[in-house]
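Visitor: Could you take me through this model, one question at a time?

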Amino acid sequence: MALSALSGMRVLDLSVGIAGAFAAKLFACYGADVVKVERPAGDPARGWGPFLPDRPDLEGSVPFLDANAGKRGIRLDLGDPRGRAVAVDLIRRSDLVVESFAPGTLARLGLGAELFADTVLLSVSNFGQDGPYRDVPASEIVLYAMGHEMYGTGAPDREPLSVAPLLNLYFAGLSAAVAALGAVLGRRRHGTGEHVDVSIMETLLASIDRRADSLVAYAYCGEPMRRERAAASLVPGYSPCRDGHVAVSVSPAQWPRLVAALGHPDVPGPLPTEPAAAQAFRRVWRSWCAQRDRAGVTEVLQRHGIPCAPVNSLADVDADPHLADRGFFVDLDRDGTVLRHAGPAIRLAGTPGGIPRPAPRLGEHTDEVLGELGYPAADVAALRTAGIV
Amino acid sequence: MPPLPLAGLRVIDLGVVLAGPQGAMLLADLGAEEVRVESCQYFAPSTRGFLARPPKALIQSMAPISGGYPDREPGERPWNRYPWFNATARNKLGMTADLRRPEGLAAVRRLVAVSDVLITNQAPGVMRGLGLGYDAVAQVNDQLVYVDASPYGSTGPYRDHRAYGTQMEASAGHDLLRTYPDADLTSNSWAVPSDGAGGLAVAYAALLGLAAREHTGSGQYVELSMVENLLTLLGPHLMELAAGGRHPGSLGNRDRHAIQGCYPAAGEDRWLVLTVPDDAAWDRLARLVGRPDWAGLAGPARYARHDEVDAAIAAWTAVRPVGDGVAALRAAGVLAGPVLDDRDAMADPHLAEREFFVEIEHADAGRHRYPGPPFRLRGAGFTVRYPPVRLGEHNAIVYGDLLGYAPDEIAELTRAGHIGEAYAPEVP
């Protein structure tokens, strides 16, 4: 097997839910050995839908299956001293430990800071490891409302609007992975451990999907971002075609390209500035788009160097020829069901990544991992009888 | 305090618009020495503004996110005062060179020779056209990690397609997952999640390249498609569709099973959100909003009446200040929070205690507070070593100290317009 960027690195994933799990997955996709530890009843995320059509059980949660692909999994009771002893052995051999318990839980379990002094500990939580909101329970939409630019998303005469479910939690996981991998490299370079404290709310506040920019703009000019109708720009951001919409951006400097692309006798050479001329242009534009499908409009405009893309459905994405050509999707068999995974987005020419295996079944690799730690089979059997593993 | 993780590494930032500069800044926050390369002869679109010298009336007519220069004034050097750019520009050194002339290109090649990472998200083909494609750069420094972010990647039928964030979001299928369920996408506002996630992925790509270098002893070409990167964040939606062929599409603010939504509070355009996590919270909520008869309704039964439930909740929240509503809901075990606007976020006591915002003095923009990084290193910490970088701000340090140019060479490069702190007069 080809060497990957993180080959040889060991990650222990104690996280529950989605954000921490996705951070750990981003190590598994690039070659790290990631071991997911679940409580005996399983990660709570296994109970969150949607479920695979034929698996409405612990092995069928789609969010769990996606966020935990590429990992090995063990089942372990951290509430029992014998379970904690196993956890300590796992922590001692790991370069990175990921956790997302309620802040303070690890210490309460007896897995205190001194255990992590020489390693990298990534803690992902709703609001961070300290501060007045530390213990406030929250759902994804609460974190989005408090952290991201929800206030500025939607129509001005309606309620602020959400983004796709789980996107915020995955985004927080990616943010956390950046900091954690940075800290792992720092440990290799300087020999120093690190505790990385990631607040999901703060990852959203720092997002350049408008929020960080609008916070700076507010600091500069005293005006917060609001839900506003897009000004009647010459070319609307979304234009209807025969089979849906296209998203187009044309800057004034690109006007001559648009004239050439449309090749229409009624489109004036110079940029229309008078309202009547702009309106006349928009009539031509609307009818030009309406006669074509999304692919046709995109092809013509891109040929002339104008940014344009079809507004795709998920089914369009699933069937997209470009993604197929690049081999983006990774189909893996899991107990007879083929699961389609979004492949690693980062492609390292010399050290490729991948998704080495589908998400683990609950406790699938318990014997294998405890064997690597040096536990004799009889000890593992005793732990299993006691309900520890 | 231990050293920052990337202290001792040098990164070249050739990023444009949002994702490239943002990814580079995250590496700088992690301790890398960063040199941003720009040109006084070329104004990169949508990077240091939409025009180098925008008229005051124009910026004052724009929404704050684009026209929010300090005090709504372009100032003498507007390119150093653009909020989008300054949100992605701290902790960097800045140099200028006209990359389209040999002496400018030579300066960048000298920088390549002493650097560890190069970041670009220039439009497809631009870097190769400049003589800074991977093969050319690797000949100068084969230890360099070269991160090339683009909308669709460097292979495949769409590899040359041009796209901003709005096109990338459309390609990835996200627009249709975030509409009001009863309206089409044209009633929604724009968003650029591909840029938000793209900046993070640029940083992650660089870190992966550095990690790989420890195995292989050499740098490499690292490619990132920002559309594919957004798709990885939508993974469960794609997996669900592929497994069953069905997906409900946009639910707006609703959850699939729990009562959830966004509701008005007292005052002008004030809102809160809530999720009902369990039966106990539901029963308390029902009593709180004056519908004790709803207590005891099971999950599917209450979900079937979601419209009616929303109306009752909204009638209760609409007459209360947002803070009072949130506090009462939380006391009832409901997951709730305010929809914070930018002003609220900057005044938030939790963020203040965690010192999330950092105050920075900037020579052309003044003294303001900025959002900090999306993580906290409890050991090594975070410091602002340099304010958001001004055009050509550190030419003396970069050319003189780092690249070893002699004073007479620097004078000549200045005369030729490579070294400067303002866009050439002919730049629009």
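Guide: Gladly; please bear in mind that the model is predicted, and let us start with Val248(A), which is found in strand S8 of chain A, residues 244-248.

Visitor: Is Val248(A) buried or exposed?

Guide: The cut-off for calling a residue buried is a relative accessible area under 20%. Val248(A) has a relative accessibility of 5%, and therefore it counts as buried.

Visitor: Which residue of chain B does Val248(A) touch?

Guide: Leaving aside residues up to four places away in sequence, Val248(A) touches several residues of chain A, among them Val235(A), Trp285(A), Leu301(A) and Cys308(A). Pro236(A) is also touched, and although it lies 12 residues away in sequence, its C-alpha is 7.3 Å from that of Val248(A). From chain B, the list of contacts holds Gln167(B).

Visitor: Which strands are the edge strands of the open sheet in chain B?

Guide: This sheet has three strands in the order S7-S8-S9, with antiparallel pairing. Neighbouring strands are turned by 20° against each other on average, direction ignored. Strands that pair on one side only are the edge strands, and in chain B these are S7 (260-265) and S9 (335-338).

Visitor: Which residue stands opposite Leu272(B)?

Guide: Strand S8 of chain B covers residues 270-275 and pairs with S9(B) in the antiparallel sense over four bridges. Opposite Leu272(B), in S9(B), stands Pro338(B).

Visitor: Which helix of chain A packs on this sheet?

Guide: Helix H14 (residues 306-317), which lies across S7 and S8 at about 30° to S7(B), belongs to chain B. The helix from chain A touches S7, S8 and S9 of chain B, and its direction makes about 10° with that of S9(B); it is H5, residues 140-147.

Methods:
Residues numbered from 1 in each chain as written. Chains lettered and ligands numbered in written order. Predicted model: local features only at pLDDT ≥ 70, side-chain atom pairs only at ≥ 80, totals over all residues. Heavy atoms only, no water. Pairing = 2+ DSSP bridges. Helix = DSSP H or I, 4+ residues; strand = E, 2+ residues; numbered from the N terminus. Axes fitted to C-alpha atoms, helices over the stretch in contact; angles between N-to-C directions. Contact = heavy atoms within 4.5 Å. Buried < 20%, exposed > 50% of the residue type's maximum accessible area, 1.4 Å probe, protein only.
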